Amino acid sequence: MPPTPLQLFSSAMETAIHKLPSFKTINPSFYTARGTASFRVGLRRSSSSLSVSASADREGDQDLGHRTRPDFPILHQEVNGSKLVYLDNAATSQKPTAVLKTLQNYYESYNSNVHRGIHFLSAKATDEYELARKKVAAFINASDAREIVFTKNATEAINLVAYSWGLLNLKPEDEVILTIAEHHSNIVPWQLVAQKTGAILKYVTLNENGAPDIGNLKQMISRKTKIVAVHHVSNMLASVLPIEEIAHWAHDVGAKVLLDACQSVPHMAVNVQSLDVDFLVASSHKMCGPTGIGFLYGKSELLSAMPPFLGGGEMISDVYLDHSTYAEPPSRFEAGTPAIGEAIGLGAAIDYLSGIGMQNIHDYELELANYLHESLRAVPNIRIYGPVPSGSIRRAALCSFNVDNIHPTDIATFLDQQHGVAIRSGHHCAQPLHRSLGVSASARASLHFYNVKEDVDDFVRALKDTVSFFNSYK
Amino acid sequence: MISAFLNTALPLSFSSSSRSVKLTNHNDPGPKRTKLKFIINQERKFAFMPLKCIWNSDLEWNARNHSFCVSCLTATEVPLGSSEVVADRLGRVVSEFRSLTEPIDRVKRLLHYAALLPPVDESVRSQENRVAGCATQVWVEAELDELGRVRFGADSDSEISKGFCSCLIHLLDGAEPEEVAKVKPEDLADLNVGLHGKAHSRVITWHNVLIAMQKRTAALVAGSERERSPPLEQSFPSSLVATAEAQIPQSRWQKLDANLSRS
């Protein structure tokens with residue numbers, strides 16, 4: 001009887017070193033202890049989401065991280081002579097083989113422009129591109145795929161709303177509510193639009209727990225408020241905002257809600273209908289999809305009333321020399337040839353994530369989040385930002401931190417050079433937040449479902465060594 | 001005359017040079033910077049030996065508390081200001097880092113150089129001296145000495161960035177403005193520590209610091225030319241983009257700027 005995908009999957013992780021063509025690999029057996037089949041076979045067979053979900057059902061003794069790691073060939077390599085420990089997932093996620101194969105298949109088999117040609121390839125590309133839109137809509141439970149606009153990233157999606165909806169609707173003295181924990185991409189577009197319209201930006205500060213102060217936000221909302229543009233999960237604090245409540249408060253005064261879901265959509269089930277947000281933005285590359293593609297969700301009635309953001313092909317119905325008539329959403333907002341292969345790749349990433357199950361991912365990452373926070377707290381002279389996890393307070397699986405008297409970039413450099421641990425350092429595009437915390441930068445370790453507790457152990461061990469190293473120079 | 005010893009082994013060989021330097025005199029309530037003559041001990045010539053600094057000042061030497069000009073770490077007897085000096089120093093620094101194949105050794109070497117970076121006055125840590133685009137906070141100041149050569153000071157909140165700054169100051173402090181403008185970022189690619197590849201990135205500290213040094217130099221030269229000639233109508237461009245300004249008759253600073261725009 002040929003081996004089942006599950007058997008191949010398990011055995012793949014415990015074999016000796018097999019080098020992939022383009023980079024050094026390490027022995028995946030670090031993470032498990034069974035099986036004999038080759039890694040190469042395992043990678044090939046375990047690359048689909050089906051094998052993952054199948055193994056999830058039957059493999060109760062293995063956690064999600066161990067089960068999914070073989071789907072990410074990039075993780076099995078050495079960096080600077082050490083096994084790679086990739087903990088920069090809040091910056092970008094890695095891509096499973098299923099996504100890579102989908103991209104290759106698109107360019108090999110049916111690369112063509114969409115919504116234009118009547119030939120076979122164009123029809124196929126258009127079908128797949130529009131299927132990807134339907135996958136995104138289903139993933140966030142939008143009621144209609146036409147509520148999904150493909151953009152180049154979440155930043156462009158926020159700019160689209162700020163310029164199109166904002167310039168049309170914001171007037172002098174109107175208020176836009178943000179938090180100081182917003183990513184720059186959810187601050188700067190509003191600054192630009194406020195400059196043009198005379199609208200006022202109001203920022204919610206942090207509470208004593210180190211999370212955005214919800215009471216402060218509630219008090220801030222008034223009849224002057226026109227839009228509340230906030231993150232779902234903070235990319236630095238790991239805190240989670242109660243979006244349903246915020247949307248309720250905002251809608252009570254007739255204000256709209258834009259949700260920056262870049263750090264939530266890849267890690268938990270997000271339902272735009274139950275959250276009742278008016279706009280939601282997210283980025284493909286943080287959710288195991290390709291770079292160069294993101295999306296905007298907007299309620300149909302809002303998108304229909306919004307003018308175009310960028311002009312060009314695709315977004316028009318008819319063009320005359322003195323005027324044009326605009327296409328209906330979402331085409332109205334997708335000027336020019338879109339990132340077709342990338343959108344289709346995003347669709348494959350959604351298939352992969354859905355195959356695992358977002359609730360499974362979320363449950364596992366909660367466990368990782370607590371383990372990471374608990375392990376890091378044991379490092380002397382460390383300050384971890386954001387709320388302390390408890391029964392009522394849940395954190396995302398990331399920690400931003402500083403160690404006394406050592407620059408976070410020096411820490412990140414040494415971790416990379418000496419230990420092969422990839423973390424982020426800097427202001428994480430959240431300078432106002434860093435200023436409010438009295439620091440100019442921080443280090444950040446961020447996990448995804450393919451990380452395992454051994455990654456956290458390796459990281460903390462390496463961090464302690466890094467701290468010793470720099471302290472020895474003082 | 002005071003002698004000073006640095007308790008660190010310097011991997012480059014050093015010899016003498018007489019020059020003016022900026023020193024911070026913490027005891028002097030008057031001008032914060034004092035021009036002093038500063039002579040490296042003529043006796044000391046070899047690598048991996050304690051560096052003995054002697055100058056004709058009554059100030060006490062303390063490497064931690066007073067400014068120490070790293071550019072005294074010249075590797076040749078050639079007078080400062082010669083392009084061969086910059087090229088020679090560049091060659092030595094590049095080959096030094098290239099010879100360090102173990103990542104930890106490169107980090108250690110940078111930390112070593114960081115320790116040699118002269119402390120600067122707190123006022124240097126101003127917003128106008130901030131180097132844009134660094135993952136760490138870096139401040140660079142530049143001024144022209146009486147011979148028209150560029151003197152640099154730098155500081156950072158990161159030890160590794162301080163190491164990069166120290167190397168760059170070693171290369172460029174005391175050079176002619178034209179020489180500062182001539183150095184190309186790709187010449188320094190081997191200084192990369194913690195970053196792979198040669199592409200420009202906003203997190204490559206030495207790249208950003210080098211560009212900042214070059215821009216400040218161009219601005220200084222422009223400023224001194226303005227003092228000698230009718231004021232120019234346009235200010236120094238804030239971005240490294242070639243503009244129509246290049247079409248007006250070129251002054252010395254404009255030539256420098258044009259060089260920068262191409263790099």
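This is a short working chat about chain B, its interface with chain A, and one helix of chain A in a predicted model.

Q: Let's start with chain B on its own, how many helices and strands does chain B have?
A: In this predicted model, chain B has 6 helices and 6 strands, and along the sequence these elements are arranged in the pattern β-β-β-β-α-α-β-β-α-α-α-α.

Q: And what share of the residues in chain B is buried?
A: Of the 263 residues in chain B, 55% are buried.

Q: What about contacts in chain B, how much comes from residues 24 or more positions apart?
A: Taking the contacts in chain B with a separation of 6 or more, 63% are between residues 24 or more positions apart.

Q: Switching to the interface, how much area do chain B and chain A bury between them?
A: The two chains bury about 1400 Å² between them, and 62% of that area lies on carbon and sulfur atoms. Which three residues supply more than any others on the chain B side? These are B:Pro103, B:Ile104 and B:Leu111, which together supply 29% of the area that chain B buries against chain A.

Q: How many residues does each chain put into the contact?
A: Chain B contributes 17 residues and chain A contributes 14 residues.

Q: Any polar side to it, I mean how many salt bridges and how many residue pairs in polar contact?
A: The rule finds 0 salt bridges across the interface of chain B and chain A, whereas it finds 6 residue pairs in polar contact, counting pairs with both residues at pLDDT 80 or more.

Q: Which elements of chain B give two or more residues to that side?
A: Those elements are helix 2 (103–116) and helix 3 (159–172) of chain B, and helix 2 of chain B gives the most, with 5 residues.

Q: How does that side split by class?
A: The side of chain B that touches chain A has 8 nonpolar, 6 polar and 3 charged residues.

Q: New topic, which residues of helix 10 of chain A are buried?
A: Within helix 10 (residues 243–252) of chain A, the buried residues are A:Ile243, A:Ile246, A:Ala247, A:Trp249 and A:Ala250. Seen down the helix axis, these buried residues fall within an arc of 165°, so they line one face of the helix.

Q: What covers them?
A: The cover over the buried residues of helix 10 of chain A includes helix 9 (214–220), strand 7 (225–231), strand 8 (256–260) and helix 11 (272–275) of chain A.

Q: And what follows helix 10 of chain A?
A: Helix 10 of chain A is followed by A:Gly254, whose phi is positive, near 80°.

Key
Residues numbered from 1 in each chain as written. Chains lettered and ligands numbered in written order. Predicted model: local features only at pLDDT ≥ 70, side-chain atom pairs only at ≥ 80, totals over all residues. Heavy atoms only, no water. Buried < 20%, exposed > 50% of the residue type's maximum accessible area, 1.4 Å probe, protein only. Helix = DSSP H or I, 4+ residues; strand = E, 2+ residues; numbered from the N terminus. Arc of directions from axis to C-beta. Contact = heavy atoms within 4.5 Å. Buried area = accessible area lost by both parts, 1.4 Å probe. Salt bridge = Lys/Arg side-chain N within 4 Å of Asp/Glu carboxyl O. Polar contact = N/O pair within 3.5 Å; in protein donor to acceptor, adjacent residues only side chain to side chain. Nonpolar A, V, L, I, M, F, W, Y, C, P; charged D, E, K, R; others polar.
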